[in-house]
Amino acid sequence: MLISSASFSQDFKGTWKGKVQVADSINQVNLEVMIQKDTLVRAVLLSPTFCMLTDSCFYGMNLHLKSTEIKVKPKGVLTDNKNQLKKAPKTHYQEINFSGALAENKNKLNGMLTLNGKGYQIELFRGDTPVFRPQEPQLPYPYYSEDVKFINKKDGTVLVGTLTLPKKEKKFPAVILKGGSLPNNRDMESYHHKPFLLIADYLTRNGIAVLRCDDRGVGRSTGDFMKSTIVDFSGDLLAGYEFLSSRPEIQSNEIGLIGHSEGAIVASIAASQCKDIKFVIMLAGPGISLRKVYEAQLELNYRNGVTSTEQNRFSKKLNETIYRLLNQNLESKAIFDSLMIFKNEGINFLGNPEVMNDFRKGQLFSSLMQIKTSPHNLFSLNAFPSEYIEKLSCPVLSLNGSNDIFVPAAINQEAIRQALLKGGNKDYKILELDSLNHNFQQCKTGSIKESLTIEQTFSPHALDLMARWILEHVEK
């Protein structure tokens, strides 16, 4: 009863690569599984041709992806003398199918790729290297786990998540987890890491109940993440607080909040509005305005070689335009339309040219601009975290990594310290943890590219710090 249906449907999301011999040539196969929700899987085959694939009755460890008929219309190309058009070679694929079964290690798909009615045996591997996550908790868990849902009565949003309890028979202190600036599921799953699952597991094993939820519009939670603001999300946390307070297993006067990145701002807002919240833990939380955070991000990514001089210059120009338009009180749609003048320039910096043509890069650029100009993001750009942090009278623990290049530790931690001092907070602890990145992984540079290769999900030292600090601040 305690295992959700998602446990039976394995995770296929991500990049799958392999090779297949067609006639006399070896063809690279690149399959991107983009969406997996309930019994629906959607993928895109990037090579040897481009097409969309769908499995609408997916369940378990087997995929049966099918495409609609695809006809590639030949295009004229210039001959060597530049004055004459000749026909391009015709490529014609029909009813492209892929049927595959996940191997035991979950990093290999053994299957059959069907092109033009002919099937080819193929092995696809997850990315370029096998994925290994040694910290991920494995069933059966030595504690109680329950799928729950509750309502934010202010706007009717339904939040769905998981509550873990050390036992059912006693009362326990509790925490509510909140992720960052992009939509997350309850495990804050990214790059095959599940940090919130790990945090919940660690804290619950140490006698602390944990509530973690799918964000608005994710999983079975209702609402629209990108149309919601950090104030809306704080309402979701307060609804979670009310839900936990009603549970007989929870000490209602011992409920705290843990927020990561932008989630730390959300936790601060919620705690500033509800004096009964026991404590707040800020993980890589901003202390300066988000505009200044983004400026620091650009500079650190450039210094660390993540972006080129041209990319850095373009990103600065893009952000400066957004800020100027936002200062003119323009709405989301108007700002988005204005940014599309950068489309041709922007697609030069997007995607691998071997697997993504300019049309797809243009689509990706538009998607990124929709995120940048969403009501959620535009509201945050006008927010000052220190204004909320100043109002916190409860105990605060602020942790950040020295290699965080997204919310740089030194400047943000100092801003948090000054805000707490200004507000007269008497119980806070601010720590910069050596060699940890934005996701609290042990690292060397802090870049996204590096984080893709790191097997550690979350620093054991940071986990221990949180657990011990919480237990010091709740009733024994």
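A residue is called buried here when its relative accessible area is under 20%. With that cut-off in hand, the predicted model can be read from helix H4 outwards. In H4 (residues 290-303), the residues that count as buried are Leu290, Arg291, Val293, Tyr294, Ala296, Gln297, Leu298 and Asn301. An α-helix has 3.6 residues a turn, so residues three or four places apart point the same way. The buried residues of H4 find their packing partners in four helices, namely H3 (262-273), H5 (309-327), H9 (375-381) and H11 (409-423). The length of H4 also fits expectation: its 14 residues, at 1.5 Å a residue, should span 20 Å, and the end C-alpha atoms are indeed 20 Å apart. Just after H4, Gly305 adopts a positive phi of about 75°.

H3, one of the partners of H4, is itself mostly covered, with 11 of its 12 residues buried. The buried set comprises Glu262, Gly263, Ala264, Ile265, Val266, Ala267, Ser268, Ile269, Ala270, Ala271 and Ser272. A span of 16 Å is expected for the 12 residues of H3 at 1.5 Å a residue, and the end C-alpha atoms lie 17 Å apart, which agrees.

These helices sit within a chain that holds 13 helices and 20 strands. Of its 476 residues, 51% count as buried. Contacts across the sequence can be summarised too: among those between residues at least 6 apart in sequence, 63% join residues at least 24 apart.

Two packed helices are described by the angle between their axes and the distance between the axes. Two such pairs are worth a look. In one of them, the axes of H1 (residues 195-205) and H13 (residues 460-472) come within 10 Å and cross at roughly 45°. Angles from 65 to 115 degrees count as roughly perpendicular, those under 35 as roughly parallel and those over 145 as roughly antiparallel, with the rest oblique; H1 and H13 are therefore oblique to each other. The crossing of H1 past H13 is right-handed. On the H1 side, the contact involves Leu198, Ile199, Tyr202 and Leu203, which meet Leu463, Asp464, Met466, Ala467 and Ile470 of H13. Sorted by class, this contact of H1 with H13 has eight nonpolar residues, one charged residue and no polar ones.

The other pair joins H5, also a partner of H4, to H6 (residues 332-339). H5 and H6 pack at an angle of about 145°, and their axes are 10 Å apart. Here, too, H5 passes H6 in a right-handed crossing. Leu318, Thr321, Ile322, Leu325 and Leu326 of H5 make this contact with Ile335, Ser338 and Leu339 of H6. By class, the contact of H5 with H6 consists of six nonpolar and two polar residues, with no charged ones.

Single residues add some detail to this picture. Thr157 belongs to strand S14 (residues 157-165) and, at 5% relative accessibility, counts as buried. Leaving aside residues up to four places away in sequence, Thr157 touches Phe150, Ile151, Asn152, Arg216, Thr222 and Asp236. Thr157 and Gly217 are 60 residues apart in sequence, yet their C-alpha atoms are 9.4 Å apart in space.

Lys426 offers a contrasting case. This residue occupies the loop between H11 and strand S20 (428-433) and is exposed, with a relative accessible area of 81%. Ser393 stands 33 residues from Lys426 in sequence, and the two C-alpha atoms are 7.9 Å apart.

The backbone deserves a few words as well. Most residues other than glycine have a negative phi, and most peptide bonds are trans. Two residues of the loop between S20 and H12 (448-451) depart from the phi pattern. Ser435 lies in that loop and has a positive phi of about 65°, although it is not a glycine. Phe440, likewise found in the loop between S20 and H12, is another non-glycine residue with a positive phi, again about 65°. Ser435 is buried, with a relative accessible area of 18%, and Phe440 is buried at 0%. As for the peptide bonds, a cis bond joins Leu139 and Pro140, with omega about 0°. Pro140 is placed in the loop between strand S12 (118-126) and strand S13 (144-152).

How values were computed: Residues numbered from 1 in each chain as written. Predicted model: local features only at pLDDT ≥ 70, side-chain atom pairs only at ≥ 80, totals over all residues. Heavy atoms only, no water. Axes fitted to C-alpha atoms, helices over the stretch in contact; angles between N-to-C directions. Left-handed = near helix turned anticlockwise from the far one by under 90°. Contact = heavy atoms within 4.5 Å. Nonpolar A, V, L, I, M, F, W, Y, C, P; charged D, E, K, R; others polar. Expected span 1.5 Å × (residues − 1). Buried < 20%, exposed > 50% of the residue type's maximum accessible area, 1.4 Å probe, protein only.
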